[in-house]
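Got a minute to look over a fold together? Have a look at the model below, and then we'll go through a few questions.

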Amino acid sequence: MKTIQEAVTAIINKTPFIEEALYDKLINVSSLARVIKPEVEKILKKEIKEGAIMMAVNRLSPSSVLKVRKNIKRIALSSGDFIMRSDLCDYTFKNTATLVSKITKLLNDIGNDSDNFFTISQGVFETSIVISKKLKLKVEEIFDGEEVLWAASNLASLTIKLPKTNVEQSGIYYFILKQLAWANISVQEIISTTNEITIVVKETDIKQTFSILMDMKLS
């Protein structure tokens, strides 16, 4: 049978925001104990006093949090410069039998022009294309007749190059994106490859996004 300490640890570990807020002393332990008390009792199948839960919370070790923070910061933010692009548009199309051929045509028309920003993210039911604004008319012409599920302009992107070791460390995306969430920055798209992540935001938010990531890198 699990102990109170094990039950509390399991509950807290499921919610990284709570774990970090506890470490930073942003959460009232008494209030937290009251909130998680029903779940602790469900796990242990008996009534537990709130004071016992508070003691378990206070005994939580921050060492694991510190280790993860240190590793993620080293991997995610010390691997090179950030690459910023502006004047972007974003289209999301419903996947159809004709969509792939139109994507191929767009690729052929763009060719190897490195001045253009162009990414494709294909999901099960929809495909998103983020492009430079100067390609907007070309996209609308080629994809005429396709169902547009969503479209936006006046966007910008910030690309972070990651080392190969990033796939061995959990929490990298969380570490980066939580800072933007706390700053109330709405992420329009996340485009990722194995060793690269591109965050697309509104142009009005790109300076703050860059500033937040630079602060994380330098702190």
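Q: At what angle do helix α3 and helix α4 pack, and is that roughly parallel or roughly perpendicular?
A: In this predicted model, α3 covers residues 29-44 and α4 covers residues 50-58, with their axes 9 Å apart. The packing angle is about 110°. Angles from 65 to 115 degrees count as roughly perpendicular, so α3 against α4 is roughly perpendicular.

Q: Which residues of α4 make the contact with α3?
A: From α3, the contributors include Val 29, Leu 32, Ile 36 and Val 40. The α4 side of the contact is Glu 50, Ile 53, Met 54, Val 57 and Asn 58.

Q: Which strands are at the edges of the sheet?
A: The sheet is open, has 6 strands and runs in the order β2-β3-β1-β4-β6-β5, with antiparallel pairing. An edge strand here pairs on one side only. That applies to β2 (118-122) and β5 (187-193).

Q: How many bridges join β1 to β4?
A: Strand β1 spans residues 82-94 and runs antiparallel to β4. Across this pair, Phe 93 stands opposite Val 148. The bridges joining β1 to β4 number 9.

Q: Which residues touch the most other members of the largest nonpolar core?
A: This core has 17 residues, and β4 (148-161), α8 (172-182), β6 (196-202) and α9 (206-218) each supply at least two of them. A second, separate core of 15 residues includes Val 8 and Leu 22. In the largest core, the ones touching the most other members are Ile 160, Ile 176, Ile 199 and Leu 213.

Terms used
Residues numbered from 1 in each chain as written. Predicted model: local features only at pLDDT ≥ 70, side-chain atom pairs only at ≥ 80, totals over all residues. Heavy atoms only, no water. Core = buried A, V, L, I, M, F, W, Y, C linked by side-chain atoms within 4.5 Å. Buried < 20%, exposed > 50% of the residue type's maximum accessible area, 1.4 Å probe, protein only. Helix = DSSP H or I, 4+ residues; strand = E, 2+ residues; numbered from the N terminus. Pairing = 2+ DSSP bridges. Axes fitted to C-alpha atoms, helices over the stretch in contact; angles between N-to-C directions. Parallel < 35°, antiparallel > 145°, perpendicular 65-115°, else oblique. Contact = heavy atoms within 4.5 Å.
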